[in-house]
4 protein chains.
Amino acid sequence: MKAASDKAGGQQAQRLAEEAAQTLYQRDRASQALGMRLTAVRPGWARVVMAVRADMLNGHDLCHGGIVFALADSAFAFACNSYNESTVAAAGSIDFLSAARLGDELTAEACELWRTRRNGIYEITVTSQRGERIALLRGRSYRIEGQVTTPRE
Amino acid sequence: MKAASDKAGGQQAQRLAEEAAQTLYQRDRASQALGMRLTAVRPGWARVVMAVRADMLNGHDLCHGGIVFALADSAFAFACNSYNESTVAAAGSIDFLSAARLGDELTAEACELWRTRRNGIYEITVTSQRGERIALLRGRSYRIEGQVTTPRE
Amino acid sequence: MKAASDKAGGQQAQRLAEEAAQTLYQRDRASQALGMRLTAVRPGWARVVMAVRADMLNGHDLCHGGIVFALADSAFAFACNSYNESTVAAAGSIDFLSAARLGDELTAEACELWRTRRNGIYEITVTSQRGERIALLRGRSYRIEGQVTTPRE
Amino acid sequence: MKAASDKAGGQQAQRLAEEAAQTLYQRDRASQALGMRLTAVRPGWARVVMAVRADMLNGHDLCHGGIVFALADSAFAFACNSYNESTVAAAGSIDFLSAARLGDELTAEACELWRTRRNGIYEITVTSQRGERIALLRGRSYRIEGQVTTPRE
């Protein structure tokens, strides 16, 4: 019976992660305005996709570092809110590895490295459609009051 | 005569910083699309202002961390390109201190801490109109090939 | 009367900072073993000095980065425990600017940038006797249970 | 014949990694003084072990954060010098996850995430004998002039 209850627990955790992420995404006007799409979420993990548009380029004609950070930060947010406990970024450390250019399709995957009741550490990797690594973000999350969504019965 | 030539050198450096920053800003569609205004620049230093719009809010109804980072990163870019040598961000480490909200007027000031021929370290502080510190970014810059602008004679 | 009571409060805060730092230093076998000397402390601020010994050199004959970090981290600890509330480092981001060598006398100054009830951000600068900047550390502190010392009446 | 020559290349790279790491370790008085042992090295990867001694404790009776950083930094050094090109740390960002205590046996594993001719990014994980994660370091390396060792014919 244990395996069955583990499986049920896993399905419930997955359902909660999806509900929390969908709710958060629907309220997240910044991610929507930047054309980000949430393509997958699991407890402690999320993937977000974004195409580099002309209005995302900086003065060197490369994707603005802040926009790359924003993509990584959104994936981070969906991952760290996947337990339905309201959580925000406290800090982040990003390394820019390669430049992204107009038309590039970027994918950010956020993965949980560590979590306590209040704090968490996530690793977010941004890659291009060529498989090139664009940036690595290490983020520290901090749980605030409240829940993301009222789970359905 | 030394003081006079120092003063002339300082004026030339200031003119170059302004030309480089203006040129970079005019090409920087991301900073423009986010409503950023470059309000002051000096060699190794820059100030950029931005109001938090509805399309900059995340799912917790706070200014998206990526947008705060983008503001800091633009100030960083104007400061580290102020010598007219094309320079990009290699890495950045941000601490989010307080949340910014709809309608807040944010100011980012970037200040050079250290610079060699190829690398630099900048400190960028983002504050609100209330004088509250919103975020601190420590950025590492890396000089690439080329100049930002061809200086006027 | 306000100025007098402010002054008394300031003196008390200074006395508490000195007591907490002295107590912490006397228990801190690592800082002692590395020959560090606590030369000054104020609320939210501390200065620690250390000479680079032969047993601190790495395989490139330069002061080991971990030892430079340790010096900065000790100054950070004295600064963030100066309110007599037990506080530890949660994270740190260091930039190594110049190498330190055998016989160099290094000074680390830690300065508080921001503090809430539970979290703080400190900036620590390590310089050599030549005035050269060796490293910059940005540290995030986290308050734990307890006090450093039982203040004298 | 390709597989055979790949295998020969792999063996040569492994031999070079071992020679460079051994040479570096023998010169590295700081790592030796802290009782670190280099237990394994491969191209772009290294493992270093250290026991927490009484002279490594800070004023809270926990392993000093600088000593934890030093362990991680040594593993980082052996990994990033494993191609026999002299390389130093330019920056590092550490998160302290759990405290280490007297007698703990700590293991640091350094793993290369990205490398160009001049720069590299490494992830270093420090764990205790209980399997608990103690710290995560993200390090940025910078290649300087010279080689670690003159390879044997």
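**Close-up views of a sheet shared by chains A and B, and of a helix in chain D**

**View 1. An open sheet of 12 strands in the predicted model.** Its strands follow the order 1(A)-2(A)-4(A)-5(A)-6(A)-3(A)-3(B)-6(B)-5(B)-4(B)-2(B)-1(B), and the pairing is antiparallel. The edges are formed by strand 1 (37–42) of chain A and strand 1 (37–42) of chain B; each has a single partner strand, so one side of each is left without a neighbour in the sheet. From one strand to the next, the twist averages 20°. Strands of a sheet pair through backbone hydrogen bonds, in either a parallel or an antiparallel manner.

**View 2. The junction between chain A and chain B within the sheet.** Strand 3 (residues 85–96) of chain A and strand 3 (residues 85–96) of chain B run antiparallel and are joined by five bridges. Across this junction, Ala91(A) stands opposite Asp95(B), a residue in strand 3 of chain B.

**View 3. The hairpin of strand 1 and strand 2 in chain A.** Two residues lie between these strands, and in the turn Gly44(A) has a positive phi of about 80°. Five bridges pair strand 1 of chain A with strand 2 (residues 45–51) of chain A in the antiparallel sense. Opposite Ala40(A) stands Arg47(A), in strand 2 of chain A.

**View 4. Helix 3 of chain D, a mostly covered element.** Of its 16 residues, 16 are buried. The 16 residues of helix 3 (residues 65–80) of chain D should span 22 Å at 1.5 Å a residue, and the end C-alpha atoms of this helix are 22 Å apart, which agrees.

How values were computed
Residues numbered from 1 in each chain as written. Chains lettered and ligands numbered in written order. Predicted model: local features only at pLDDT ≥ 70, side-chain atom pairs only at ≥ 80, totals over all residues. Helix = DSSP H or I, 4+ residues; strand = E, 2+ residues; numbered from the N terminus. Expected span 1.5 Å × (residues − 1). Buried ≥ 20, exposed ≤ 12 C-beta atoms within 10 Å, placed from the backbone. Pairing = 2+ DSSP bridges. Axes fitted to C-alpha atoms, helices over the stretch in contact; angles between N-to-C directions.
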